[in-house]
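Here are some worked exercises to go through with the viewer open. Try each task yourself before reading the solution.

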Amino acid sequence: MARRNIVKMGDPLLRKICKPVESYDAKLGQLLDDMKETLDDAEGLGLAAPQVGMLKRVCIVKYDDRLYELVNPVLVKSKGKCVDNEGCLSVVGFRGLVERPKAIDIEYFDRNGQKVQLHAEGYFARVFLHEMDHLDGILFADKMIKKLPD
Ligand code: ZN
């Protein structure tokens with residue numbers, strides 16, 4: 001495993017639309033392992049592949065000591081609205097208040113290509129939505145309604 005460098009806001013890689021994963025192979029496993037090591041080292045809640053310079057629809061979330069590995073995730077349903085504060089490992093120097101759905105249903109594939117369905121609410125849902133935005137080149141800073149100090 002190897003820790004990878006985290007790309008920072010201003011780098012065009014963070015603005016690209018990522019490509020779907022087509023093969024669930026050892027290379028995907030390696031990317032996920034490296035992303036986990038990078039996330040652990042940075043002590044963040046989530047990390048998306050473009051943040052380590054890979055334009056693939058892959059992201060990971062670490063929440064309540066559980067690791068979620070999402071390949072080709074899609075938002076199936078969302079409900080409600082809530083505002084809370086967010087930061088990003090690619091955004092240095094500030095956080096922001098962002099409005100997001102309160103509850104979501106998502107579908108994704110695990111590293112073996114098995115389909116997973118997941119329901120999430122509150123901040124847990126927010127972390128998934130934040131990471132999934134990265135796959136479409138969107139940063140929380142684009143959506144924030146108020147900038148907050150780091
Ligand atoms: Zn982020």
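## Exercise 1: Two odd phi values

Asp64 sits in the loop between strand 2 and strand 3. Keep in mind that this is a predicted model.

**Task.** Find what sort of phi Asp64 has, and work out whether Asp64 is buried or exposed. Then do the same for Glu43.

**Solution.**
- Step 1: Phi of Asp64 is near 50°, which is positive, and Asp64 is not a glycine.
- Step 2: Most residues other than glycine have a negative phi, so a positive value is worth a second look.
- Step 3: The relative accessible area of Asp64 is 71%. Exposed means over 50%, so Asp64 counts as exposed.
- Step 4: Over in the loop between helix 1 and strand 1 you'll find Glu43. Its phi is positive too, about 55°, again in a residue that is not a glycine.
- Step 5: Glu43 has 72% relative accessibility, so Glu43 is exposed.

## Exercise 2: Lay out the sheet

**Task.** In what order do the five strands of the open sheet come, and which strands stand at the edges?

**Solution.**
- Step 1: Reading across the open sheet, the order is 1-2-3-6-7, with antiparallel pairing.
- Step 2: Strand 1 (46-48) and strand 7 (115-121) each have a single partner strand, so they stand at the edges, and one side of each has no neighbour in the sheet.
- Step 3: Neighbouring strands here are turned by 40° against each other on average, direction ignored.
- Step 4: Now add the helices. Helix 1 (residues 26-42) packs on the sheet and touches strand 1, strand 2 (58-63) and strand 3 (66-79). Its direction makes about 40° with that of strand 2.
- Step 5: Helix 2 (residues 122-134) also packs on the sheet, touching strand 1, strand 2, strand 3, strand 6 and strand 7. The direction of helix 2 makes about 125° with that of strand 7.

## Exercise 3: Strand 6 and its partners

**Task.** How many bridges does strand 6 make with strand 7, and how many with strand 3? Follow the register residue by residue.

**Solution.**
- Step 1: Strand 6 (residues 103-109) pairs with strand 7 over seven bridges, in the antiparallel sense.
- Step 2: Six bridges, also antiparallel, join strand 6 to strand 3.
- Step 3: On the strand 7 side, Ile104 stands opposite Ala120, Asp105 opposite His119, and Phe109 opposite Lys115.
- Step 4: On the strand 3 side, Ile104 is the bridge partner of Ser78.
- Step 5: Look at the turn. The hairpin of strand 6 and strand 7 has five residues between the strands, and Gly113 takes a positive phi near 90° there.
- Step 6: Check the cover. Five of the seven residues of strand 6 are buried, so the strand is mostly covered.
- Step 7: Zoom in on Ala103, which lies in strand 6. Its relative accessible area is 13%, and buried means under 20%, so Ala103 counts as buried.
- Step 8: Beyond residues up to four places away in sequence, Ala103 touches Lys77, Ser78, Lys79, His119, Ala120 and Glu121. The C-alpha atoms of Ala103 and Lys79 are separated by 5.1 Å, though the two residues are 24 apart along the chain.

## Exercise 4: The zinc site

**Task.** Which residues are the protein donors of the zinc ion, and how are they spaced in sequence?

**Solution.**
- Step 1: The protein donors are Cys88 (SG), His130 (NE2) and His134 (NE2), at 2.0 to 2.2 Å from the zinc ion.
- Step 2: Their spacing in sequence is C-x41-H-x3-H.
- Step 3: Cys88 lies in strand 4 (residues 82-88) and His134 in helix 2, so this pair ties together parts that are 46 residues apart in sequence.
- Step 4: Both Cys88 and His134 are buried. For His134 the relative accessibility is 1%.
- Step 5: Leaving aside neighbours within four places in sequence, His134 is in contact with Lys16, Cys18, Ala48, Pro50, Gln51, Cys88 and Leu139.

## Exercise 5: Rings

**Task.** How many aromatic pairs does the structure hold, and which residue lies over the face of Phe94?

**Solution.**
- Step 1: There are six aromatic pairs.
- Step 2: Tyr63, Tyr68, Phe124 and Phe128 are linked by ring pairs into a cluster.
- Step 3: Lys147 lies over the face of Phe94, at 4.4 Å from the ring centre.

Notes. Residues are numbered from 1 along each chain as its sequence is written. This is a predicted model: local features need pLDDT of at least 70, side-chain atom pairs count only at pLDDT 80 or more; totals for chains, interfaces and linings use all residues. Side-chain values use heavy atoms; hydrogens and water are left out. Two strands pair if DSSP finds at least two bridges between them. Helices (H or I, at least four residues) and strands (E, at least two) are DSSP runs, numbered from the N terminus. Axes are lines fitted to C-alpha atoms, for helices over the stretch in contact, and angles run from 0 to 180 degrees between N-to-C directions. Contact means heavy atoms within 4.5 Å. Donors are N, O and S atoms within 2.8 Å of the metal (3.2 Å for Na, K and Ca); water is not among the atoms, so sites may look incomplete. Buried means under 20% relative accessible area, exposed over 50%, partly exposed in between (1.4 Å probe, protein chains only). Rings of Phe, Tyr and Trp (its six-membered ring) pair if their centres lie within 6.5 Å; planes under 30 degrees apart count as stacked, over 60 as edge-to-face and the rest as tilted. A charge sits over a ring if NZ of Lys or CZ of Arg is within 6 Å of the ring centre and within 35 degrees of the ring normal.
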